[in-house]
Amino acid sequence: MTTESWVERTRALLDRFGMPAINADYVGFEAACWNCGRHGPVFLWPGIRDWRPPPAPSPTTVKVRFSKTLGESYPANGCIHCDAMFGDFYLFDLLLDSLEYEEAGELADRFLNDADVAGDESE
Ligand SMILES: [Zn+2]
């Protein structure tokens, strides 16, 4: 999977949900919301794991949100339908659930490259 094809797929995703153009640093994929169960776009950007500010122009679903779990605010994705927050850990699950194994691994390496991030599963 090349970077170019992610650019294409992200553009197609924006079209599919009628969203305006965004900064080319984003990679988007489609995933089901934990709250309403509907499918919507989810975006990754460089430094997302370090809570770095999302590059502008940013997707309308990405903004600083308050996490009750962490008791802090940080830039995060939300559901385009119900605005439920997709926190850091849920985001990683979304990757694994929504994409092929290799694709999820590629994106995780690029954006969520914290080797311990998946080590907290209690299943
Ligand atoms: Zn939702």
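The predictor's confidence in each residue is called pLDDT, and it runs from 0 to 100. What you have open is a predicted model, so colouring by this score is a sensible place to begin.

**Whole chain.** Across the protein chain the mean pLDDT is 89, and 89% of the residues score at least 70. Among the helices and strands, confidence is lowest in helix 2, with a mean of 88, and highest in strand 2, at 97. Select residues 117-123 next: the pLDDT there is below 50, and this stretch has three contacts in the model beyond near neighbours in sequence. Now switch to a cartoon view, in which you can look for three helices and five strands, following the pattern α-β-β-β-β-β-α-α along the sequence. The chain has 123 residues, of which 24% count as buried.

**The hairpin of strands 1 and 2.** Select strand 1 (27-32) and strand 2 (39-44), which run antiparallel and are joined by six bridges. One pair to highlight is Ala32 with its bridge partner His39, which belongs to strand 2. Six residues lie between the two strands of this hairpin, and Gly37 takes a positive phi near 80 degrees there.

**The sheet of strands 3, 4 and 5.** Move on to the open sheet of three strands, whose order is 3-4-5 and whose pairing is antiparallel. Which strands are at the edge? They are strand 3 (62-67) and strand 5 (85-86), each of which pairs on one side only. Strand 3 and strand 4 run antiparallel and are joined by six bridges, and if you display Val62 you will find it opposite Asn77 of strand 4. In the hairpin that these two strands form, with four residues between them, select Gly71, which takes a positive phi near 70 degrees. Strand 4, residues 72-78, also pairs with strand 5 in the antiparallel sense, over two bridges, and here Gly78 stands opposite Met85 in strand 5.

**Helix 2.** Select helix 2 (88-98) and show the side chains of Leu91, Phe92, Leu94 and Leu95, which are its buried residues. Why do these buried residues line one face of the helix? Seen down the axis of helix 2, they fall within an arc of 155 degrees, so they line one face. Turn to the other side of helix 2, where Leu96 and Asp97 are exposed. The elements that cover the buried residues of helix 2 include strand 1, strand 2, strand 4, strand 5 and helix 3 (101-111).

**The nonpolar core.** Finally, bring up the largest nonpolar core, which has 17 residues, and begin with those that have the most contacts inside it, namely Tyr26, Val42, Phe43, Leu44, Leu91 and Leu94. Strand 1, strand 2 and helix 2 each supply at least two residues of this core, and helix 2 gives the most, with four. To see how one core residue is surrounded, select Val42 and leave out residues up to four places away in sequence: Val42 then touches Gly28, Phe29, Ala31, Asn77, Phe86, Leu91 and Leu94. Two of these names have come up before on the tour, since Leu91 and Leu94 are among the buried residues of helix 2. As a last view, return to the whole chain and consider its contacts between residues at least 6 apart in sequence, of which 44% join residues at least 24 apart.

Terms used
Residues numbered from 1 in each chain as written. Buried ≥ 20, exposed ≤ 12 C-beta atoms within 10 Å, placed from the backbone. Contact = placed C-beta atoms within 7 Å. Core = buried A, V, L, I, M, F, W, Y, C linked by C-beta atoms within 7 Å. Pairing = 2+ DSSP bridges. Arc of directions from axis to C-beta.
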